[in-house]
Amino acid sequence: MAQIGKLQAQTEIKSSADKFYGFFKNHIKRLVEMFPENLKSCELLGGGDELRTGTVMAWKYDLGTRLEAKVRVQALNEENKSFTFVFTEGDVLKVYNSLKAKLEVSGGLVKWSFEFDKANQNAPNPDPYLDLAIKVSKGLDDYLYNN
């Protein structure tokens, strides 16, 4: 039986939505430098540094244990300043049949949502992923606001 769920969180930002969105789109690999305790590496497969629909990223990260994942940009909307990311490979898919993350930036808010399908009824909700997304959002906002 499917164990489908959704988690959401948001945080206020002081930097502009354009600046925040632009950083994710054009400099996402720099997050590794900014959050080395959690983000170990990010490689955009197929070259380039800018996210586009279809871009695949290979991530190495730490959520209490070292993990790896490939994540594809399923959708990118310049007008709404949003990204939809789908986990396509990696450790996370041992716990979830599917995991999708959406980032929306507007009106002084960063909103994250995670949709997931647990691989079994004992699988936990992906709270650590949501917590990390909010941590990165707050830290990135501080950096963008002060620089």
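In what follows, Ala, Val, Leu, Ile, Met, Phe, Trp, Tyr, Cys and Pro count as nonpolar, Asp, Glu, Lys and Arg as charged, and the others, Gly among them, as polar. This wording helps to describe the inside of the structure, which is a predicted model.

A good place to start is the empty space within the protein. Rolling a probe the size of a water molecule over the atoms shows where empty space is left. The count comes to one cavity of 30 Å³ or more, and the volume of the largest cavity is about 360 Å³. Its lining is made up of 18 residues, and those closest to the centre are L39, W59, F87, W112 and L132. Which parts of the chain each supply at least two residues of this lining? They are strand 3 (56-62), strand 5, strand 7 (109-118) and helix 3. Helix 3 provides the largest share, with five residues. What kinds of residue make up the lining: nonpolar, polar or charged? The lining of the largest cavity divides into 17 nonpolar residues, one polar residue and no charged ones.

One of the residues closest to the cavity centre, F87, also leads to the next topic, the aromatic rings. A pair of aromatic rings is described by the distance of the centres and the angle of the planes. The model holds ten aromatic pairs. In one of them, F87 and Y129 meet edge-to-face, with 5.9 Å from centre to centre and 85° between the planes. Because F87 belongs to strand 5 (residues 82-90) and Y129 to helix 3 (residues 127-146), this pair ties together parts that are 42 residues apart in sequence. Are these two partners buried or exposed? F87 counts as buried, at 12% relative accessibility, and Y129 is buried with a relative accessible area of 12%. The cut-off behind this reading is that buried means under 20% relative accessible area. Elsewhere, one aromatic cluster is formed by F20, Y21, F24, F83, F85, W112 and F114. W112 thus appears in this cluster and also among the residues closest to the centre of the largest cavity.

A ring can also be met by a charge. The charged end of K14 sits over the ring of Y145, at 5.6 Å from the ring centre. K14 takes part in a salt bridge as well, with D141 as its partner and 3.8 Å between the closest N and O atoms. This pair links distant parts of the chain, 127 residues apart: D141 is in helix 3, while K14 is in the loop between strand 1 and helix 1 (17-27). How do the two ends of the bridge compare in accessibility, buried or partly exposed? D141 is buried, with a relative accessible area of 2%, whereas K14 counts as partly exposed at 47% relative accessibility.

Side chains of opposite charge can pair when their charged atoms come close. The total here is ten salt bridges. One of them joins K6 to E115, and the closest N and O atoms are 3.9 Å apart. K6 lies in strand 1 (residues 3-12) and E115 in strand 7, so the bridge ties together parts that are 109 residues apart in sequence. K6 counts as partly exposed at 47% relative accessibility, and E115 counts as partly exposed at 37%. Another bridge pairs E89 with K70, where the closest N and O atoms are 3.8 Å apart. It links E89 in strand 5 to K70 in strand 4 (residues 66-77), 19 residues apart. E89 counts as partly exposed at 41% relative accessibility, and K70 is partly exposed with a relative accessible area of 28%. Salt bridges that share partners also join K14, D141 and D142 into one network.

Two loop residues complete the picture. L51 is found in the loop between strand 2 (39-45) and strand 3. With a relative accessible area of 0%, L51 is buried. Its C-alpha atom is separated by 9.8 Å from that of G22, a residue 29 positions away along the chain. The other loop residue, K81, lies between strand 4 and strand 5. Most residues other than glycine have a negative phi, and most peptide bonds are trans. K81 has a positive phi of about 50°, although it is not a glycine. At 17% relative accessibility, K81 counts as buried.

How values were computed:
Residues numbered from 1 in each chain as written. Predicted model: local features only at pLDDT ≥ 70, side-chain atom pairs only at ≥ 80, totals over all residues. Heavy atoms only, no water. Phe/Tyr/Trp six-rings, centres within 6.5 Å; stacked < 30°, edge-to-face > 60°. Helix = DSSP H or I, 4+ residues; strand = E, 2+ residues; numbered from the N terminus. Buried < 20%, exposed > 50% of the residue type's maximum accessible area, 1.4 Å probe, protein only. Lys NZ or Arg CZ within 6 Å of the ring centre and 35° of its normal. 1 Å grid on protein atoms, 1.4 Å probe; cavity = no way out; pocket = protein on both sides within 12 Å on 5 of 7 lines; lining within 4 Å. Points joined across faces, edges and corners; volume = space filled by probe spheres on them. Salt bridge = Lys/Arg side-chain N within 4 Å of Asp/Glu carboxyl O.
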